[in-house]
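User: I'm new to this one, could you walk me through it?
Analyst: Gladly; have a look at it first, and then ask whatever you like.

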Amino acid sequence: MPSYAEITRHSDPDPDLDPWVGDRPEEAPIEIVAYDPQWPQRFEKLAARLRSTLGAAALEIDHVGSTAVEGPAAKDVIDIDLIVADPRAEDTYVPLLEPLGYVHIVREPSFHEHRMLRLDDPRAHLHVFGPDCPETIRHRMFRDWLRTHPDDRALYEAAKRSAVSGGGRMTDYNTRKQPVIRVIYDRAFRAAGMR
């Protein structure tokens, strides 16, 4: 289990390393849509296919990100954390996921060995991490905090709407909403006695 210091540390991938597997993919314009009550069911269907395909290699599968929180508007993309024994052993999971339509687009060894695969139909981002990863704990804490704190749900939704109004790529959007994310994380960490 990671320490509180590891969980509360804001870490980012090494900006000098190219994270793209192959060419950088084309990015569609970012659009924030009203909450869709079908998002949890969409996740469940995706998770069931992942479990069926990966078997015991899928140690954990979690619905994270805004679509995992009832109520607020979000991008119509299901974010999934997949925990495997070793994300670096891509040959143990990527070839199994490709027939399902997943495309391996990101490799970030400097960021908890993060890998990301994209699914276009239905739209999903599959984030692959190893066991006891601080980032997956952070994802669950953020999700669970938003589920029980309506003021921060509203704050985060406003930050997303503001961030998307600036246009640009996904990385630009993520950078613009990061200050609000960190404020919310700080509240969640303090409430959990981590700070």
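Analyst: Before we start on the strands, one term is needed: two strands count as paired if DSSP finds at least two bridges between them. With that in mind, a hairpin joins β6 to β7 through two residues, and please remember throughout that this is a predicted model.

User: OK, and how do β6 and β7 pair, parallel or antiparallel?
Analyst: Strand β6, which covers residues 114–120, pairs with β7 in the antiparallel sense, and six bridges hold that pairing. Within it, Leu119 of the chain stands opposite Ala124 in β7.

User: Which strand pairs with β7 in the parallel sense?
Analyst: That is strand β4, residues 78–83, which is paired with β7 over six bridges. Two positions show how they line up: Ile78 stands opposite Ala124 in β7, and Asp79 stands opposite His125 in β7.

User: So Ala124 turned up twice?
Analyst: Yes, Ala124 in β7 has Leu119 opposite it, and Ile78 also stands opposite Ala124.

User: How many residues of β7 are buried?
Analyst: Six of the seven residues of β7, which spans residues 123–129, are buried, and therefore the strand is largely enclosed by the rest of the structure.

User: And what about β4, how many of its residues are buried?
Analyst: Strand β4 is mostly covered, with six of its six residues buried. In a regular strand, side chains alternate between the two faces of the sheet. For β4 both faces are covered, since Ile78, Ile80 and Leu82 are buried on one side, while Asp79, Asp81 and Ile83 are buried on the other.

User: Which strand is joined to β4 by five bridges?
Analyst: Strand β2, residues 60–64, is joined to β4 by five bridges, and the two run antiparallel. One of the matched positions is Glu60, whose bridge partner in β4 is Ile83.

User: Changing topic, how many helices and strands are there in the protein?
Analyst: The protein has six helices and seven strands, and read from the N terminus its elements follow the order α-β-α-β-β-β-α-β-β-β-α-α-α. Its radius of gyration is 16 Å, close to the 16 Å that the globule rule gives for 195 residues, so the protein is as compact as a globular protein of that length.

User: How much of the protein is buried, and what does it expose?
Analyst: Buried residues make up 43% of the 195 residues, and the protein exposes about 10100 Å², of which carbon and sulfur atoms supply 51%. Among contacts between residues at least 6 apart in sequence, 66% join residues at least 24 apart.

User: Let's pick a residue in a helix. Where is Asp152, and is it buried or exposed?
Analyst: Asp152 sits in helix α5, which covers residues 150–165. Because buried means under 20% relative accessible area, Asp152 counts as buried at 6% relative accessibility.

User: What is Asp152 in contact with, leaving aside its neighbours within four places in sequence?
Analyst: With those neighbours set aside, Asp152 is in contact with Trp145, Leu146, Ile184 and Arg187. As for Val180, it is 28 residues from Asp152 in sequence, and their C-alpha atoms are 9.2 Å apart in space.

Note on methods: Residues are numbered from 1 along each chain as its sequence is written. This is a predicted model: local features need pLDDT of at least 70, side-chain atom pairs count only at pLDDT 80 or more; totals for chains, interfaces and linings use all residues. Side-chain values use heavy atoms; hydrogens and water are left out. Helices (H or I, at least four residues) and strands (E, at least two) are DSSP runs, numbered from the N terminus. The radius of gyration is taken over C-alpha atoms; the globule rule is 2.2 Å times the number of residues to the power 0.38. Buried means under 20% relative accessible area, exposed over 50%, partly exposed in between (1.4 Å probe, protein chains only). Contact means heavy atoms within 4.5 Å. Accessible areas come from the Shrake-Rupley method with a 1.4 Å probe; for residues, only the protein chains shown count as cover.
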